[in-house]
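Q: Please explain the assignments in this model, setting each value against its criterion.

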Amino acid sequence: MESKWTEVDAFFEHQFFTDSENCDMHDILESSRSGGLPDIQISASQGKMLQLLVRMSSASRVLEIGTLGGYSTVFMARALPDHGTLHTIELEPEHARIAQANFDRLGLQERIILHIGDARHHLQSMVDSNDSGFDFIFIDADKVSYPDYLKLVRNLTKPGTVIVADNIVRGGELVNPATNDENVRGVQEFCTALSQCPELETSGIQTVGNKGYDGWTISVVV
Ligand code: DHB
Ligand code: MG
């Protein structure tokens, strides 16, 4: 079955991606691979889906937690209007260096602001500086810290803000209450916390594809 998932992802890319999109995204993956980054970025179909969600929400200010090589970042940045900005936070300086080179090469250096270090620190600074908030937030970093990230980003939203979180389903382990995996516990706590945020309406969507079986939560501030 998994080979079918991969085949269908390839079909979507072939049908729905332009040649220049394919080429740019391929270059980002290549630079990530040659830089020794782990191959854990979202799939191309998911990246394009994220781009559509950013567009559908008419977002002009986007926040990403977990840049890696900038693959998802570029998809989202390309959905922004001319005056739009995307803040992305990466813990590892070497990942950030590769991501910044990708943004520069694609001419996105004005639109994307890359912060290096612990996301908790950068998010708290944004809260302290009375940042006016984001229209769209994508959480895709260490799973153990998802509950912390949610606590902080709740102060950076406004009505209509969309929050998407990656890697929630984890091959179905999400629903294993006896798990010893701290990453699974992280996403379980994150889902509990989401359900206890009165300002958020949330659902989950399971995904299959060339990245296996996983899923997103999608929330909106009402
Ligand atoms: C891992 C992290 C991710 O964000 C992902 O999409 C897949 C795997 C990981 O840390 O293993
Ligand atoms: Mg992920």
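Q: What makes the 7 strands an open sheet, and in which order do they stand?
A: The model is predicted, so local features need pLDDT of at least 70 and side-chain atom pairs pLDDT 80 or more, while totals for chains, interfaces and linings use all residues. Residues are numbered from 1 along each chain as its sequence is written, ligands are numbered from 1 in the order in which they are written, and side-chain values use heavy atoms, leaving out hydrogens and water. The strand order is 3-2-1-4-5-7-6, with mixed pairing. Strand 3 (112–116) and strand 6 (200–207) are the edges: each has a single partner strand, so one side of each lacks a neighbour in the sheet. Strands here are DSSP E runs of at least two residues, helices H or I runs of at least four, both numbered from the N terminus.

Q: How do you know that strand 1 and strand 2 pair?
A: Two strands pair if DSSP finds at least two bridges between them. Strand 1 (residues 61–65) and strand 2 (residues 85–90) are joined by 5 bridges and run parallel, so the criterion of at least two is met. One bridge partnership links arginine 61 to threonine 85 in strand 2.

Q: In which sense do strand 5 and strand 7 pair, and over how many bridges?
A: They pair in the antiparallel sense over 4 bridges; isoleucine 163 has serine 219 of strand 7 as its bridge partner. Strand 6 and strand 7 also run antiparallel, joined by 8 bridges, and form a hairpin with 6 residues between them. In the turn of this hairpin, glycine 209 has a positive phi of about 160°.

Q: Why is strand 7 described as largely enclosed?
A: Buried means under 20% relative accessible area, exposed over 50%, and partly exposed in between, with a 1.4 Å probe and protein chains only. Of the 8 residues of strand 7, 6 are buried, so the rest of the structure largely encloses this strand.

Q: What makes Asp140, Asp166 and Asn167 the donors of the magnesium ion (ligand 2)?
A: Donors are N, O and S atoms within 2.8 Å of the metal (3.2 Å for Na, K and Ca); water is not among the atoms, so sites may look incomplete. Asp140 (OD), Asp166 (OD) and Asn167 (OD1) coordinate the ion at 2.0 to 2.1 Å, and their spacing along the chain is D-x25-D-N. Aspartate 140 lies in the loop between strand 4 (136–139) and helix 7 (146–153), and aspartate 166 in the loop between strand 5 (162–165) and helix 8 (182–195), so the pair ties together parts 26 residues apart in sequence.

Q: Are aspartate 140 and aspartate 166 buried or exposed?
A: Aspartate 140 has a relative accessible area of 14% and is therefore buried. Aspartate 166, at 4%, is buried as well.

Q: Which atoms of isoleucine 40 and lysine 143 lie 3.1 Å and 2.9 Å from an oxygen atom of ligand 1?
A: For isoleucine 40 the distance of 3.1 Å belongs to a backbone N or O atom, and for lysine 143 that of 2.9 Å belongs to a polar side-chain atom. A polar contact is a pair of N or O atoms within 3.5 Å; within protein, one must be able to donate a hydrogen and the other to accept it, and residues adjacent in sequence count only if both atoms are side-chain atoms.

Q: Why is glutamine 188 called buried?
A: Its relative accessibility is 19%, so glutamine 188 counts as buried. This residue is found in helix 8, and its side chain reaches the backbone oxygen of asparagine 176 at 2.9 Å.
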